[in-house]
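Visitor: Hi, I've got a structure open on my screen and would like to talk it through. Can I throw some quick questions at you?
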Amino acid sequence: MRRARPLLAAPLALAARQALAAPLPESGFGMPRDVSADGHLVDWLIHYTLVAATIIFVVVLAVMIWSFARHGRGHLAEYTHGSKASAGVLLGAIGFIAVAVDGNLFYRTLVDMNEVFWNFGALEKDPAAVRIEVNAHQWAWLARYPGPDGKFGTEDDIVTLDDIRVPVGVPVVIQLASTDVIHSLYLPNFRVKRDAVPGMVNWLTFKASEPGEYEIGCAQHCGPNHYKMRGVLTVLTPERYREWVETMSRDARRAYDPEDKEAHWAWDWRSY
Ligand code: CUA
């Protein structure tokens with residue numbers, strides 16, 4: 001048995017690496033690497049919450065420990081309503097936390113949503129923006145690009161499976177739909193996630209800041225193979241992206257089959 005270990009070690013290590021076939025290895029601590037222009041806004045909210053909760057936890061714990069130490073068995077119980085001053089301190093602390101923590105988080109969230117994460121109207125007007133229709137189904141992600149003609153549902157449309165490619169540094173605007181159940185397009189490295197709901201089109205946007213390969217996940221339990229609903233999001237340099245679009249749409253035109261009704265699931269791009 002002892003001898004088997006070194007023999008098994010190599011294949012096991014290989015299997016472990018393959019099982020983790022994540023496009024880029026993550027440290028396993030903290031959040032996935034942020035490779036987006038605006039992900040730091042989300043990280044700020046999370047870190048701020050963490051710091052505030054830690055401070056409140058330590059203060060409350062200190063008061064509790066102090067109370068236990070002070071009011072031991074020898075301490076006579078006393079009945080009190082507190083004083084005006086103690087009520088003032090308590091209400092002041094609650095008010096301060098409500099404004100400085102919850103209020104601040106709420107305000108920052110509204111500003112970030114308005115200016116970045118839900119700012120679809122302004123983003124889609126950007127001529128450099130890349131528009132993609134994503135169609136979720138059990139259990140894969142279909143992505144459709146309009147091709148050089150800029151129109152969805154034409155013969156130069158590029159359609160990919162579990163493989164979304166975008167250029168670095170430009171806004172990517174995604175319209176998201178589902179053909180069966182609720183899925184959720186999750187891009188952890190870009191700090192965005194949005195549900196794909198049957199019967200409606202949802203929006204999602206991000207801007208990549210670093211070329212590379214990143215994970216696409218589904219974040220709603222959508223059936224027995226939910227865990228398999230993964231893909232790779234590849235961020236390319238603008239030149240590589242242009243080349244890819246050219247090659248892919250040329251192939252798409254060649255392979256276009258007007259009879260293949262199932263392949264024609266495009267919808268007209270909706271304005272926000
Ligand atoms: Cu789709 Cu989980």
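Visitor: To start, how many disulfides does the structure hold?
Guide: Zero. Keep in mind as we chat that this is a predicted model.

Visitor: And C218, is that buried or exposed?
Guide: C218 is buried, because its relative accessibility is 12% and the cut-off for buried is under 20%. C222 counts as buried too, with a relative accessible area of 4%.

Visitor: Which residues does M229 contact, leaving aside its neighbours within four places in sequence?
Guide: Both of those cysteines, C218 and C222, are among them. The others are A136, H137, W139, A140, W141, H183, I216 and G217. M229 itself has 0% relative accessibility, so M229 counts as buried.

Visitor: Where does M229 lie?
Guide: M229 sits in the loop that links β9 (212-218) with β10 (231-236).

Visitor: How far apart are M229 and W141?
Guide: Along the sequence they are 88 residues apart, yet C-alpha to C-alpha the distance is 7.4 Å.

Visitor: Switching topic: what is the strand order in the open sheet?
Guide: The order is β3-β2-β1-β5-β8, five strands with mixed pairing. β3 (158-161) and β8 (202-207) are at the edges; each has a single partner strand, so one side of each has no neighbour in the sheet. On average, neighbouring strands here are turned by 25° against each other, ignoring direction.

Visitor: In which sense do β1 and β5 pair?
Guide: Parallel, over seven bridges, with β1 covering residues 130-137 and β5 covering residues 171-178. As one example of a bridge, R131 is partnered by V173 in β5.

Visitor: Which helix packs on that sheet?
Guide: That's α5 (residues 238-255), and α5 touches β1, β2 (140-145) and β3. The direction of α5 makes about 100° with that of β3.

Visitor: What about β6 and β7, how do they run?
Guide: Antiparallel, with five bridges joining β6 (residues 183-187) to β7 (residues 192-196). They form a hairpin with four residues between them, and R191 in the turn has a positive phi of about 60°. H183 is opposite A196 in β7, and H183 is also one of the contacts of M229.

Visitor: Which loop holds I182?
Guide: The one between β5 and β6. With a relative accessible area of 39%, I182 is partly exposed.

Visitor: What does I182 touch, not counting residues up to four places away in sequence?
Guide: D195, A196, V197, P198, Q220 and C222. So C222 comes up again, as M229 contacts C222 as well.

Visitor: How far is I182 from V59?
Guide: Their C-alpha atoms are separated by 42 Å, and they are 123 residues apart along the chain.

Visitor: Last topic, the helices. At what angle do α2 and α3 cross?
Guide: At roughly 175°, and the axes of α2 (residues 39-70) and α3 (residues 84-117) come within 10 Å. An angle over 145 degrees counts as roughly antiparallel, so that is how α2 lies to α3.

Visitor: What kinds of residues make up that contact?
Guide: The contact of α2 with α3 has 13 nonpolar, three polar and two charged residues. From α2, the residues include L41, W44, L45 and I56. In α3, I97, V101, L105 and F117 are among them, as are R108 and D112.

Technical notes:
Residues numbered from 1 in each chain as written. Predicted model: local features only at pLDDT ≥ 70, side-chain atom pairs only at ≥ 80, totals over all residues. Heavy atoms only, no water. Pairing = 2+ DSSP bridges. Helix = DSSP H or I, 4+ residues; strand = E, 2+ residues; numbered from the N terminus. Axes fitted to C-alpha atoms, helices over the stretch in contact; angles between N-to-C directions. Contact = heavy atoms within 4.5 Å. Parallel < 35°, antiparallel > 145°, perpendicular 65-115°, else oblique. Nonpolar A, V, L, I, M, F, W, Y, C, P; charged D, E, K, R; others polar. Disulfide = S-S within 2.5 Å. Buried < 20%, exposed > 50% of the residue type's maximum accessible area, 1.4 Å probe, protein only.
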